Amino acid sequence: MGKLHDVVSPSWLAARFDPVDVVGTLAETARSVVAEPATAAAATARLAGDSLRALAAAAAPGATRELDPPPDRRHSHPSWGTNAWYALCRREHALLAEWARAVAAGTELGPVTTRKLAFVVDQVVAATDPVNWPLTNPEVPATALRTGGRSLLRGLRNLARDVVTNGGAPLQVPRGALVVGRDIAATPGKVVYRNDLVELVQYAPTTDAVHRTPLLLSPPWINKYYVMDLAPGRSFAQWAVDHGRTVFALSYRNPGPEHRDLTMADYLDSGLLTALDVVEDVTGEPRTDVAALCLGGTLATAGAAWLAARGDRRIGTLTLLNTMLDYSEPGPLGVFTDPRAVERLERRMRGPGYLPGSAMRATFDALRPDDLIWRYVVDGWWLGNEPPVFDLLVWNADSTRMPAAMQTEYLTGLYVENRLATGRMELAGVRLDLGAVRHDTYVVAAESDHIAPWRSVHAGARLLGGDVRFVLTTSGHIAGVVNPPSPRAAHRVGTGPVPADADAWRDATGQRQGSWWEDWAVWSAERAGPMRPPPPMGSADHPPLDDAPGRYVRET
């Protein structure tokens with residue numbers, strides 16, 4: 001009975017359906033507005049006056065004239081400017097957004113609630129955009145007329161499908177469109193090690209000679225590892241193999257209830273440290289370079305600090321991709337990672353023992369609602385289109401669960417208390433000092449990253465004790481990493497110590513055309529040792545077990 005009460009208690013329900021604490025945020029906002037009503041009253045008066053003027057203008061003769069340019073491609077239909085009804089809807093929405101932000105800006109709230117209120121306002125503004133609803137989007141009736149109503153029928157079918165099979169969220173990618181091991185995660189290789197937490201993939205060489213020092217890829221475990229081996233021509237793993245590296249990759253198991261007590265120390269010991277042992281056994285090389293992404297980069301750097309404290313020099317160079325080490329400015333994710341939110345999340349995980357993958361995916365989608373939610377509502381439900389096939393979104397949809405103990409420890413220790421950056425973090429009994437990480441390190445940040453803001457990545461890079469090459473690339477969290485050479489690719493590269501002022505560094509550093517992959521290949525090769533024949537696939541103690549990408553990447 002006690003367990004049942006835990007599952008259905010008000011606190012659990014609040015954590016399940018209101019992880020950001022929208023209700024509490026709005027209640028605190030209301031109290032602030034009541035206490036100091038002047039700003040809200042003035043904004044409301046402006047809204048009323050501007051709305052009446054917009055209505056009068058729309059009803060006046062000749063109102064169907066071109067208005068302001070559309071804010072994005074979703075508002076590109078000519079009726080937004082030439083039709084009085086649609087122009088009025090667009091104008092009223094702009095006024096509503098202006099009013100909501102003015103009221104939010106005028107409230108006296110603490111920093112955590114202020115950030116949450118801004119998030120709530122952004123969600124409301126995104127949701128109420130007239131482009132998202134069939135009666136206020138001119139493209140919906142135009143498409144229905146052009147298709148003889150078939151678009152509406154297809155849309156209703158898509159809506160029913162998503163309610164039944166996708167938790168009521170619009171489908172972002174067609175199911176089964178890309179096959180793991182054939183279309184994505186397709187670089188040839190073998191699984192040479194497996195334990196209860198990870199598999200280790202060794203990729204097959206493509207060159208007659210390889211650099212002596214092997215390379216280990218440390219991915220995040222929030223999604224499957226193959227973001228670093230995405231698709232032919234878009235695989236960082238394949239790029240490294242083709243440039244003469246012996247490459248290994250960690251692939252984490254999708255945890256279940258039995259893994260509820262796993263901690264970051266377990267991920268370090270059974271993951272990174274074990275992988276370093278296996279790589280040394282297979283290649284015979286005492287050092288391994290490590291290239292790591294996001295949370296995998298945080299763990300790799302913590303691991304390097306852990307090894308440094310023990311005088312262990314098994315890691316050669318570090319490559320950190322969109323990796324935060326200093327969490328003092330977490331960006332939009334701070335809405336979900338304040339102490340109150342983490343406590344609510346911990347209550348939610350108490351029953352199942354893990355955070356569902358769907359919760360992680362919903363969190364990241366909410367940070368970009370126009371692009372990752374409402375775009376697919378319009379295209380799939382109102383226009384009756386199937387979503388396009390896009391490898392990044394296939395990977396994004398392949399989300400994983402997070403063990404309860406590790407997730408709480410990670411959020412509390414890093415986001416809430418920022419222990420790693422301040423030298424207060426302990427892992428497996430060792431206090432971690434980032435200044436003791438004296439490896440040559442290649443740090444990549446992305447200008448539009450909303451998960452690991454580039455200025456926060458820059459701040460963390462300054463804490464490392466070795467020679468750091470700081471690179472700022474274009475695009476966002478994942479597209480900035482999946483960055484093969486192309487005419488559109490560009491990046492900035494710093495030389496010398498990482499300066500304190502990130503924006504001044506950016507302004508003073510010229511942009512280079514091309515992908516950072518090309519710059520990294522040169523930097524990496526200079527530090528990877530002389531050439532040698534490729535080592536065998538596996539060893540006597542670690543023979544090949546399966547073809548890449550292995551079993552764990554296919555688990556749901």
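**View 1. β6, helix α12 and β7 come together as a right-handed β-α-β unit.** Everything shown here and in the other views comes from a predicted model. The helix in this unit, α12, covers residues 295–309. As for the two strands, β6 and β7 (residues 315–321) pair up in the parallel sense, with five bridges between them. To spot one of those pairs, find Leu293: its bridge partner in β7 is Leu321.

**View 2. Strand β6 (residues 288–293) sits on the inside.** Is this strand enclosed or not, and why? Six of its six residues are buried, so β6 is largely enclosed by the rest of the structure. In a regular strand, side chains take turns between the two faces of the sheet. Here both faces are covered: Thr288, Val290 and Ala292 are buried on one side, and Asp289, Ala291 and Leu293 are buried on the other. β6 also runs parallel to strand β4 (residues 215–218), and four bridges join them. Look for Ser218, which stands opposite Ala292 in β6.

**View 3. Strands β1 and β2 make a hairpin, with three residues between them.** β1 takes in residues 189–194 and β2 residues 198–203; they run antiparallel and share five bridges. Tyr193 faces its opposite number, Leu200, in β2. β1 has another antiparallel neighbour too: two bridges join β1 to strand β17 (residues 546–547). There, Lys190 stands opposite Asp547.

**View 4. The largest nonpolar core has 82 residues.** Which residues touch the most other members? They are Leu200, Tyr410, Leu427, Leu432 and Phe470. Helix α11 (residues 264–283) gives the most to this core, chipping in 11 residues. Zoom in on Leu432 and, leaving aside residues up to four places away in sequence, you'll find that Leu432 touches Ala302, Ala305, Trp306, Leu420, Gly423, Met425 and Leu427. Apart from the 82-residue core lies another one, of 46 residues. Its members include Val201, Met228, Ala240 and Tyr376.

**View 5. Helix α6 runs from residue 84 to residue 105.** With 22 residues, α6 reaches 31 Å from its first C-alpha to its last, close to the 32 Å expected at 1.5 Å a residue. At its N-terminal end, Asn83 acts as a cap: a side-chain oxygen lies 2.9 Å from the backbone nitrogen of Trp85. Plenty to find along the helix: buried residues of α6 include Tyr86, Leu88, Arg90, His93 and Val103. And what covers the buried residues of α6? The cover includes α3 (22–35), α4 (38–59), α5 (79–82), α7 (111–127) and α8 (139–146).

Technical notes
Residues are numbered from 1 along each chain as its sequence is written. This is a predicted model: local features need pLDDT of at least 70, side-chain atom pairs count only at pLDDT 80 or more; totals for chains, interfaces and linings use all residues. Side-chain values use heavy atoms; hydrogens and water are left out. The expected span of a helix is 1.5 Å times one less than its number of residues. Buried means under 20% relative accessible area, exposed over 50%, partly exposed in between (1.4 Å probe, protein chains only). Contact means heavy atoms within 4.5 Å. A polar contact is a pair of N or O atoms within 3.5 Å; within protein, one must be able to donate a hydrogen and the other to accept it, and residues adjacent in sequence count only if both atoms are side-chain atoms. A nonpolar core is a set of buried Ala, Val, Leu, Ile, Met, Phe, Trp, Tyr and Cys residues joined through side-chain atoms within 4.5 Å. Two strands pair if DSSP finds at least two bridges between them. A crossover is right-handed if, with the strands pointing away from the viewer, the path from the first strand over the helix to the second runs clockwise.
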